[in-house]
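Biologist: Can you walk me through this one? I'd like to go residue by residue where it helps.

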Amino acid sequence: MNKKFDIHCHVTAFPDYCPPRPGKGGKDRYLSLEQQIEMHDSINVAMGVLLCGGSPERVWEIVQNEEAKWLADRRPDRFVWFFNIDPRQGDFNTRTDFAPIFSHYKSMGARGLGEISATLPADSPLYDNYWRQAAEFDLPVLVHISPWLKGQYGVFDEMGNTGFDRMLSKHKNLKIIGHSMPWWSEISADLRFEDRNGYPIGKIKEEGALQKLLRKHENLYCDLSAGSGKNAMMRDPEYAAKFLEEFSDRVMYGIDSSSTLCDFQYEFDEFLTKMLKDGMLSLENYKKITYKNAAKLLNVDEKIFED
């Protein structure tokens, strides 16, 4: 079995300094580099992407760009990294020139931008300016989608992700990697707004807004991480097989395991393995999803993942 590429990692260089997360009795802490590697080893992950959280809406932990690079440099055999710039940074206007910053971090080895979570409309003038420059620098952007403008971190978009539809049409070279509950809930055509930020259950009804966007925009990708990606696949395995077959070139394996209490990744890993063994997912598409797509997008040597 080939090794995997985790497109979505959150790690801190200072686990002892991070506050415990609310509501977990003080037991839920941010992952250290060593804890992430231990988790990866347990599910045959060879490499991961270290993401940054640079927006104030992004709950409690902020991982800086320099911290992500420092961590990746500790284990370049196991990690590459993205940087994160908030579209409101600079002088908070629609003409901000991000070129010096984008150029700087890209020259230091950053492979993309993310996890972008500033709570502004996806097609707002601030994001429009941001997406344009990300495209010019050929920086893939991993985004967390929010269904609201208040009370939730993430790039805000309406039902159907119509704002991203407009931005992807306008910026043809923009590469968006979608993620979160509002992103994956759009896989079913019978989605209700009140369920958009949750984990809808039951059979998937075609054609969801997500499939329509993927068919329309070849520069759009999906991140399978977290409970949202897991739920979208496991709620209807028969449809998951169909979805993964059609979009096998643009779906990427991920975990999003910033928590020391996280365990959903083991169940989802078993699910994908079972799909392969049961013939619901071809070996070639399994390889695309678990490492080939991410390796190609981020210019990582595929030999790392082959046994």
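Biologist: Let's start with D236: is D236 buried or exposed?

Modeller: D236 is buried, because its relative accessible area is 4%. Buried means under 20% relative accessible area, exposed means over 50%, and partly exposed is in between (1.4 Å probe, protein chains only). Keep in mind that this is a predicted model, where local features need pLDDT of at least 70, side-chain atom pairs count only at pLDDT 80 or more, and totals for chains, interfaces and linings use all residues. Residues are numbered from 1 along each chain as its sequence is written, and side-chain values use heavy atoms, with hydrogens and water left out.

Biologist: OK, and which side chain does D236 meet in a salt bridge?

Modeller: That's K203, at 3.4 Å, N to O. A salt bridge here is a side-chain nitrogen of Lys or Arg within 4 Å of a carboxyl oxygen of Asp or Glu. The pair links distant parts of the chain, 33 residues apart: D236 is in the loop between α8 and α9, and K203 is in the loop between α6 (181–185) and α7 (209–216). Helices (H or I, at least four residues) and strands (E, at least two) are DSSP runs, numbered from the N terminus. K203 counts as exposed because its relative accessibility is 57%.

Biologist: What about R235, what is the nearest side chain of opposite charge?

Modeller: D190, at 4.7 Å, and R235 has no salt bridge even though R235 is buried. For charge, Lys and Arg count as positive and Asp and Glu as negative, while His and the chain ends are not counted.

Biologist: So which backbone oxygens does the R235 side chain reach?

Modeller: The R235 side chain reaches the backbone oxygen of G202 at 2.9 Å, and a polar atom of that side chain lies 3.3 Å from the backbone oxygen of I201. Leaving aside neighbours within four places in sequence, R235 is in contact (heavy atoms within 4.5 Å) with residues including I187, S188, P200 and K203.

Biologist: Switching to the sheet. Which strands does β8 run parallel to?

Modeller: Three bridges join β8 to β7 (residues 176–179), running parallel, and two join β8 to β9 (residues 251–252), also parallel. Two strands pair if DSSP finds at least two bridges between them. C222 in β8 is the bridge partner of G178, and C222 also has V251 in β9 as a bridge partner.

Biologist: Which way do the β8 side chains point?

Modeller: L220 and C222 point one way, Y221 and D223 the other, and all are buried. In a regular strand the side chains alternate between the two faces of the sheet.

Biologist: And which residues touch the most other members of the largest nonpolar core?

Modeller: W131, W184, M233 and F243, out of 71 residues in that core. Helix α4 (residues 125–136) gives the most to this core, with six residues. A nonpolar core is a set of buried Ala, Val, Leu, Ile, Met, Phe, Trp, Tyr and Cys residues joined through side-chain atoms within 4.5 Å. Among the contacts of W184, not counting neighbours within four places, are L210, C222, M233 and F243.

Biologist: Last one, α2: where do K69 and D73 lie?

Modeller: Both lie in helix α2, four residues apart, about one turn of the helix. Their side chains meet in a salt bridge at 2.9 Å, N to O. K69 is buried because its relative accessible area is 18%, and D73 is partly exposed because its value is 40%.

Terms used. A polar contact is a pair of N or O atoms within 3.5 Å; within protein, one must be able to donate a hydrogen and the other to accept it, and residues adjacent in sequence count only if both atoms are side-chain atoms.
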